[in-house]
Amino acid sequence: MRLWVLLSLLLLHETLQTVTGQPAKSKRPKEPGENKIKPANKKMKPKLPKLKERESSDSSTKSQSIMIQVMDKGRFQKPAATLSLPVGQSIELRCKGNKTGWSYPSYLDTFQDSRLSIKQLDRYGQLILANSTAADTGEYSCWLLLCNGSSCKKDESKTGSTYIFFTDKGELFVPTSSYFEIVYLNPDKPAVIPCRVTIPSAKVTLHREFPAEEIKTDGTNIIYDVKKGFIYQHPTSDHKGVVYCRAESRGAPQISIKYQLLYVEVPSGPPLTTIVASSNKAEGGDNVNVLCIVLGEPDIEVEFSWKYPGEEHERPVIIQDSWRLINRGIGHTTRISKCVIAIEDFETIDAGNYICTAQNLRGQTTVATRVDLT
């Protein structure tokens with residue numbers, strides 16, 4: 001009987017080798033705590049990075065909005081990039097932080113408008129504009145200030161802004177304080193015809209006064225931005241002349257003020273400076289003038305400074321500066337800035353080099369001339 005059982009087990013072992021191609025594995029005892037059942041061919045999901053960790057790493061590089069809008073019944077919400085509010089409605093904006101800065105349409109400062117109130121409270125800055133008008137249309141923004149003693153700087157990572165249209169069907173264009181404006185066309189930078197509207201859905205077109213025609217926007221060289229106006233991306237002398245804007249929104253069209261487009265002949269950069277003396281050889285007792293001249297862009301101011309021989313002896317001199325716009329051909333405008341140093345009763349200590357330095361936002365230029373005593 002035992003022999004028959006052993007033969008049966010031997011046959012079964014050989015059968016298993018034939019089917020699987022592998023020798024049968026012997027069972028081993030389970031280790032303590034080892035699962036009794038191991039599912040075969042289990043599909044494992046790949047581990048994904050934690051979203052919270054990814055968001056926290058990205059948030060350090062992105063700007064965080066700190067602006068909120070105070071609604072009725074004590075509600076708050078983050079303002080959209082653009083808001084449309086009817087004229088007459090008041091608005092309150094807050095920005096989180098114990099020290100904040102604000103920006104808003106500049107004319108509110110120009111006229112020291114009492115409708116505008118800005119306060120800094122313990123935990124936030126507050127801007128309130130009451131009884132709004134179409135002229136209040138524009139960008140409202142705030143930022144956190146990082147201060148070290150009396151010195152403060154803007155925290156670029158914590159800001160907030162919204163552009164508010166105060167809609168008025170009777171005033172489609174944002175009102176201005178003048179009836180005529182000059183726009184300088186510089187070949188080195190875009191030029192903006194600032195005919196902004198109070199209703200963002202208004203249809204706005206640009207027109208030339210003479211010859212009377214509509215100036216088409218092509219989306220490349222001339223574009224329209226509802227927050228800025230018409231933008232000439234690459235101004236040329238062909239664009240000079242008088243233009244105006246026309247707007248229409250469910251009613252009779254309205255016309256903006258007129259804009260005189262003047263082409264700037266002088267390229268942008270440090271001042272183009274020349275210096276000339278009334279005489280480079282003077283006799284004792286003569287009156288001598290040394291003139292420093294700059295030709296530049298019409299809207300760029302120039303500052304002058306002098307070094308002269310009698311300076312260390314505290315020699316009294318007269319220094320005067322002035323500027324004016326000059327037309328160099330039709331539609332070509334240049335700003336000429338002058339500074340003159342006058343020496344009365346020329347004497348020995350006045351002989352030597354007269355050095356003029358002219359400076360604008362883009363740099364400075366130094367020129368010199370010599371005046372000798374004969």
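**Entry 1: charges over rings**

I count a charge as sitting over a ring if NZ of Lys or CZ of Arg is within 6 Å of the ring centre and within 35 degrees of the ring normal. The model I am reading is a predicted one. With that rule I looked up Arg335, which lies over the face of Trp323 at 3.7 Å from the ring centre. I then looked up Lys154, and I found it over the face of Trp143, at 4.7 Å from the ring centre.

**Entry 2: aromatic pairs**

I describe a pair of aromatic rings by the distance of the centres and the angle of the planes. How many aromatic pairs does the structure hold? I noted 2. One of them joins Tyr163 and Phe165, with 4.9 Å from centre to centre and 55° between the planes, and this pair is tilted. Tyr163 has a relative accessible area of 3% and is buried. Phe165 is buried too, at 2%.

For Tyr224 and Phe230 I wrote down ring centres 4.6 Å apart and planes at 50°, so this pair is tilted. Is Phe230 buried or exposed? I have Phe230 as buried, since its relative accessibility is 1%. Tyr224 is partly exposed, with a relative accessible area of 27%.

**Entry 3: the β15–β16 hairpin**

I went on to strand β15, residues 222–225, and strand β16, residues 229–232. These strands pair in the antiparallel sense over 4 bridges. A hairpin of 3 residues joins β15 to β16. I checked one bridge by name: Asp225 has Gly229 in β16 as its partner.

**Entry 4: an open sheet**

Next I followed a sheet of 4 strands. The sheet is open, its order is β21-β27-β26-β23, and its pairing is mixed. Why is one side of β21 and of β23 left without a neighbour in the sheet? I see that β21 (281–282) and β23 stand at the edges and have a single partner strand each, so one side of each has no neighbour there.

At one edge, β21 pairs with strand β27, residues 363–373, in the parallel sense over 2 bridges. The bridge partner of Ala282 in β27 is Leu373. At the other edge, β23 pairs with strand β26, residues 352–360, in the antiparallel sense over 5 bridges. There I found Ser305 opposite Thr357 of β26.

I also sorted the residues of β23 (residues 303–307) by face. Which residues make up its covered face? I listed Phe304 and Trp306 there, and Glu303, Ser305 and Lys307 on the uncovered face.

**Entry 5: backbone exceptions**

Most residues other than glycine have a negative phi, and most peptide bonds are trans. I therefore noted Glu314, which has a positive phi of about 55° although it is not a glycine, against the general rule. Glu314 is in the loop between β23 and β24 (318–327). With a relative accessible area of 70%, Glu314 is exposed.

Asp345 is another residue other than glycine with a positive phi, near 55°. I placed Asp345 in the loop between β25 (332–343) and β26. Asp345 is partly exposed, at 48% relative accessibility.

Where is the cis peptide bond that I noted? It runs from Phe210 to Pro211, and its omega is near -5°. Pro211 lies in the loop between β13 (203–208) and β14 (213–215).

**Entry 6: the largest pocket**

I looked up the largest pocket and wrote down a volume of about 690 Å³. Its lining has 27 residues, and Val174, Pro175, Thr176, Ser177 and Arg196 lie nearest its centre. Which elements give two or more residues to this lining? I found β9 (138–148) and β18 (254–255). By type, I noted 15 nonpolar, 8 polar and 4 charged residues in the lining.

**Entry 7: a contact across the sequence**

My last lookup was Tyr259, which lies in strand β19, residues 258–264. Tyr259 is buried, at 2% relative accessibility. How many residues separate Tyr259 from Glu181 in sequence? I noted 78 residues in sequence, and 4.9 Å in space from C-alpha to C-alpha.

Conventions: Residues are numbered from 1 along each chain as its sequence is written. This is a predicted model: local features need pLDDT of at least 70, side-chain atom pairs count only at pLDDT 80 or more; totals for chains, interfaces and linings use all residues. Side-chain values use heavy atoms; hydrogens and water are left out. Buried means under 20% relative accessible area, exposed over 50%, partly exposed in between (1.4 Å probe, protein chains only). Two strands pair if DSSP finds at least two bridges between them. Rings of Phe, Tyr and Trp (its six-membered ring) pair if their centres lie within 6.5 Å; planes under 30 degrees apart count as stacked, over 60 as edge-to-face and the rest as tilted. On a 1 Å grid over the protein atoms alone, a cavity is a set of points where a 1.4 Å probe fits but cannot get out, and a pocket is an open set with protein on both sides within 12 Å along at least five of seven lines; lining residues have an atom within 4 Å of a point. Grid points are joined across faces, edges and corners, and a volume is the space filled by probe spheres set on the points. Ala, Val, Leu, Ile, Met, Phe, Trp, Tyr, Cys and Pro count as nonpolar, Asp, Glu, Lys and Arg as charged, and the others, Gly among them, as polar.
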